[in-house]
Amino acid sequence: MRVSHGFTAVFDDPNLVSCAGLAPVLSLAERAGLQELVTEHVRIDKTGGNNAHLKIGSLVAGMVCGADSIDDMTLLRHGAMERLFTGVRAPSTLGTFLRSFTFGHIRQLDAVASRLLINLTRHAPLLPGAAELTYIDVDDTVRQTYGYAKQGAGRGYTGVKGLNALLAIMSTPGSAPVIAAARLRKGSTNSVKGAHRLVADALVTAKSSGAIGVRVLRADSAFYNSDVISTCLRHGSCFSITARQDPAVRKAIESIDETAWTSIKYTNAIYDEGAQAWISQAEVAEIGYTAFASRAKAKHVTARLIVRRVPDANPAHQGELFTVYRYHAVFTNSPLPMLTAEKAHRGHAIVEQVIADLKNGPLAHLPSGRFWANSAWLVCAAMAFNLTRAAGTLASAVHAKATTATIRTQLINIPARLARSARRLTLHLPTAWPWEHAWQQLSASTRHGPPRTT
């Protein structure tokens, strides 16, 4: 490809917008009641805290379009954007608004984010099959920061200076994930600190979003904690958490009979048609186990310990007379069969996709020096993520599982020219747009609701 002619650029057309796909997405937000929820739950009696429903809407809209800093919110103020949308606020106004937040206001915004997700599940097929099986995955990530002006920045377990974001996502075997809850914490925070409260919020949101069947919390060994597991049990949910290799767990693994191991489909596995089994170096077994036995009896939890073992590719001592294994133990009360439960636990890696999507979008920066402003930014980023994901599910089966960056590129950041006729705006979009049908499906669904399913 090459430029066919020399050209001159002039920025002089007041009828153009660069993100025409934002119109159906904000229509979906209106159907889900975003502004009404903010008006009902967010009360900020400080300078710059008025009109919260318009300012939260502007922040979420900017993030849907790809804004990753307060200055990037200028994206909402070009061309014909103020003709296509109302209530657009300047970046300086939004920055002042974010800096007015305190801890209590963050909890109010959490209530908005939770209820918005619940409403979105009623307007878009976000969680198909949630009535049978839903997974809630918990993990944290450090968003690196620079300089000395960021409140709460510190070095934690990663050794990277920044702030710690704790996320709980929700998905089903047939869906892409959405964010059920999010918290921003100090950079030096331990992963499990306050996690049981986030888990409680996420499980309540999951149940209200239609997850009335089996709910399984998945997490890595950082969340192998009595409070986290007790929260799951108190909310009638299952857990599947990587167990730390402490002496009690190692002793339980050593007690597993050698005949109990079953080969599984794993890297380089081969299926034997005659034996109707996988020939693999990876094997799985399970044994009953009581966790936290050193604590008070009320804290004891008895469930299954599912163990996967694989040969150690780099044993500490060469020339071993027997195979040296690496063991990965999962503590779970999941009702799923052993092999299914073990494979499902490995699906916990889906949370990394959400973290990558956020860091490739609104969480590319934590834009303020104020800790609570950045906390509000994270919650708005979660709402923008869920709104983008809902738009994708309404557009097509492909976009239902695409990354948010792909949805932005193909459905949202589309140039259009506005024309007015008979008090009605018409968007003139590019001819031969490859995803025209998906865009039209999204637009029709946000106006009239998704098509009925049998």
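## Enclosed space

A cavity here is a set of grid points where a 1.4 Å probe fits but cannot get out. With that in hand, here is a look at the voids in this predicted model. The second largest cavity comes in at about 40 Å³, and the largest one at about 50 Å³. How many cavities of 30 Å³ or more does the structure hold? The count is two.

## The largest cavity

Let's go to the walls of the largest cavity. Its lining is made up of Met-63, Asp-357, Leu-358, Pro-362, Ala-381, Ala-384, Phe-385, Thr-388, Thr-404 and Arg-408. Three elements put in two or more residues each: α11 (350-359), α12 (371-395) and α14 (404-412). Helix α12 has the largest share, with four residues. Sorted by class, the lining breaks down into six nonpolar, two polar and two charged residues.

## A closer look at Met-63

Met-63, one of the residues on that lining, sits in helix α3, which covers residues 52-64. Is Met-63 buried or exposed? Its relative accessible area is 1%, under the 20% cut-off, so Met-63 counts as buried.

The surroundings of Met-63 bring together parts of the chain that are well separated in sequence: Met-63 and Ala-381 are 318 residues apart in sequence, yet their C-alpha atoms are 6.6 Å apart in space. Leaving out residues up to four places away in sequence, Met-63 touches Met-73, Pro-362, Trp-377, Cys-380, Ala-381, Ala-384 and Arg-408. Among these contacts, Pro-362, Ala-381, Ala-384 and Arg-408 also turn up in the lining of the largest cavity.

## The second largest cavity

Which residues line the second largest cavity? They are Tyr-135, Val-216, Arg-218, Ser-240, Ser-334, Leu-336, Ala-341, Ala-344 and His-345. Two elements give two or more residues to this lining, namely β6 (214-219) and α10 (338-346). Of these, α10 gives the most, with three residues. The class tally for this cavity is five nonpolar, three polar and one charged.

## The largest pocket

Now for the open sites. The largest pocket has a volume of about 830 Å³. Its lining takes in 29 residues, and the ones nearest the pocket centre are Ala-23, Pro-24, Ser-27, Leu-84 and Phe-85. Contributions of two or more residues come from α1 (22-31), α2 (34-41), α3, α4 (81-84), β15 (424-428) and α15 (436-448). Helix α3 is also where Met-63 has its place.

Which element has the largest share of this lining? That would be α1, with seven residues. If you're wondering about chemistry, the lining has 16 nonpolar, 10 polar and three charged residues.

## The second largest pocket

The second largest pocket has a volume of about 490 Å³. It is lined by 20 residues, with Phe-103, Arg-183, Leu-184, Arg-185 and Arg-197 the closest to its centre. At least two lining residues apiece come from α6 (103-123), β5 (178-185), α7 (195-208) and α12. Helix α12 is a familiar name by now, as it also provides four residues to the lining of the largest cavity.

What does the lining of this pocket look like by class? There are nine nonpolar, three polar and eight charged residues. Three arginines, Arg-183, Arg-185 and Arg-197, are among the residues closest to the centre.

Technical notes
Residues numbered from 1 in each chain as written. Predicted model: local features only at pLDDT ≥ 70, side-chain atom pairs only at ≥ 80, totals over all residues. Heavy atoms only, no water. 1 Å grid on protein atoms, 1.4 Å probe; cavity = no way out; pocket = protein on both sides within 12 Å on 5 of 7 lines; lining within 4 Å. Points joined across faces, edges and corners; volume = space filled by probe spheres on them. Nonpolar A, V, L, I, M, F, W, Y, C, P; charged D, E, K, R; others polar. Buried < 20%, exposed > 50% of the residue type's maximum accessible area, 1.4 Å probe, protein only. Contact = heavy atoms within 4.5 Å.
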